There are 2 protein chains.
Amino acid sequence: MARQIRDVVEQYVKLVGSGPTEAIVDLYAPDATVEDPIGTPPKQGRDAIREFYTVLANLERETSIHPDTIRITGNHAAFMFTLVTKAAEQRITLHPIDVMEFDDEGRIVHMRAYWGPDDLNVEPA
Amino acid sequence: MARQIRDVVEQYVKLVGSGPTEAIVDLYAPDATVEDPIGTPPKQGRDAIREFYTVLANLERETSIHPDTIRITGNHAAFMFTLVTKAAEQRITLHPIDVMEFDDEGRIVHMRAYWGPDDLNVEPA
């Protein structure tokens, strides 16, 4: 299970950086929830989750996982990764800690992202 | 609030390394829960939490927070730290990711620790 969860985590970060959106959505269970950042109203179900990731799909972006931060126990994982998005005039860098819970088939059932305004780095593109 | 939460997080890691146990317990709300690691039955309430940290108090130990991993948003925090414990013949190093939720007074209401067997490093002391 740990091996399978690690694969999904690595695939998730890769897909957030390059898409396609549908492949990200496929990592989630049908009734999954996404709280990004944690404390905001959860998006529930694949339609809401698709809508959330579609915003990213329109941006030039890249991601990398911090491999030494991946923590896996039972059906839970936590990890840090870097997301860089480039819009017309801004380059935004974010290093969230995400936590995920998985079902027995290795699909994400809950994702919660920890990052605040202090963790956004905005530079001219 | 973010400043207050950061202080509690830093104080928590310091106290886990040096105690006293009662000072750790005081960082928690009366009905708080601790899941360490996540997926194990939660310890609920200060008595159960005290019992949990008392185990640590009998070990030689040190801790350090990884300051660049501290993520704070609303009443939530996530961070990685290092815990080294030295028993008679073993030195055990662990780098968990902890997530915490706080009440309006800045007390911890839920703590969940992410680490698995793969994250324990055991060496001769």
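A salt bridge is a side-chain nitrogen of Lys or Arg within 4 Å of a carboxyl oxygen of Asp or Glu. The exercises below use this rule on a predicted model.

**Exercise 1. Decide whether the side chains of A:Lys86 and A:Glu62 meet in a salt bridge, and describe where the two residues lie.**

Step 1. The N to O distance for A:Lys86 and A:Glu62 is 3.8 Å, and the cut-off is 4 Å, so the pair counts as a salt bridge.

Step 2. A:Lys86 belongs to strand β5 of chain A and A:Glu62 to strand β3 (residues 60-65) of chain A, so that this pair, 24 residues apart, links distant parts of the chain.

Step 3. With a relative accessible area of 25%, A:Lys86 is partly exposed, and A:Glu62, with a value of 43%, is partly exposed as well.

**Exercise 2. Work out which parts of chain B are tied together by the salt bridge of B:Glu22 and B:Arg50.**

Step 1. The side chains of B:Glu22 and B:Arg50 meet in a salt bridge, with 2.9 Å from N to O.

Step 2. Because B:Glu22 lies in helix α2 (residues 21-25) of chain B and B:Arg50 in helix α3 (residues 46-57) of chain B, the pair ties together parts that are 28 residues apart in sequence.

Step 3. B:Glu22 has a relative accessibility of 37% and counts as partly exposed, while B:Arg50, at 26%, also counts as partly exposed.

**Exercise 3. Classify B:Arg107 and B:Glu105 as buried, partly exposed or exposed, and place their salt bridge among the others.**

Step 1. The side chains of B:Arg107 and B:Glu105 meet in a salt bridge at 3.6 Å, N to O.

Step 2. B:Arg107 has a relative accessible area of 25% and is partly exposed, whereas B:Glu105, at 55% relative accessibility, counts as exposed.

Step 3. In chain A, salt bridges that share partners join A:Glu22, A:Asp47 and A:Arg50 into one network, and over all chains the structure holds 20 salt bridges.

**Exercise 4. Describe the interface of chain A and chain B, from its area to the elements that build it.**

Step 1. Between them, chain A and chain B bury about 1700 Å², of which 65% is on carbon and sulfur atoms.

Step 2. On the side of chain A, the residues that lose the most area to chain B are A:Arg71, A:Thr73 and A:Tyr114, which together make up 36% of what that side buries.

Step 3. The contact takes 22 residues from chain A and 22 residues from chain B.

Step 4. Two salt bridges are found across this interface, and the count of residue pairs in polar contact, both at pLDDT 80 or more, is two.

Step 5. The elements that give two or more residues to the side of chain A that touches chain B are β4 (71-73), β5 (76-86) and β7 (97-102) of chain A, and the largest share, five residues, comes from β5(A).

Step 6. Sorted by class, that side of chain A has 13 nonpolar, six polar and three charged residues.

**Exercise 5. Find the surroundings of B:Asp119 and its partner in a salt bridge.**

Step 1. B:Asp119 is placed in the loop between β8 (108-114) and β9 (120-124) of chain B.

Step 2. The relative accessible area of B:Asp119 is 12%, and the residue is buried.

Step 3. Leaving aside neighbours within four places in sequence, B:Asp119 is in contact with A:Ile70, A:Arg71 and A:Ile72 from chain A, and with B:Thr93, B:Leu94 and B:His95 from chain B.

Step 4. A:Arg71 forms a salt bridge with B:Asp119, and their closest N and O atoms are 3.5 Å apart.

**Exercise 6. Check the span of helix α1 of chain A against the expected value, and list its buried residues.**

Step 1. Helix α1 (residues 2-18) of chain A has 17 residues, which at 1.5 Å a residue should span 24 Å.

Step 2. The end C-alpha atoms of this helix are 24 Å apart, which agrees with the expected value.

Step 3. In α1(A), the buried residues include A:Ile5, A:Val8, A:Val9, A:Tyr12, A:Val13, A:Leu15, A:Val16 and A:Gly17.

Step 4. Just after α1(A), A:Gly19 takes a positive phi of about 70 degrees.

Key: Residues numbered from 1 in each chain as written. Chains lettered and ligands numbered in written order. Heavy atoms only, no water. Contact = heavy atoms within 4.5 Å. Buried area = accessible area lost by both parts, 1.4 Å probe. Polar contact = N/O pair within 3.5 Å; in protein donor to acceptor, adjacent residues only side chain to side chain. Helix = DSSP H or I, 4+ residues; strand = E, 2+ residues; numbered from the N terminus. Nonpolar A, V, L, I, M, F, W, Y, C, P; charged D, E, K, R; others polar. Expected span 1.5 Å × (residues − 1). Buried < 20%, exposed > 50% of the residue type's maximum accessible area, 1.4 Å probe, protein only.
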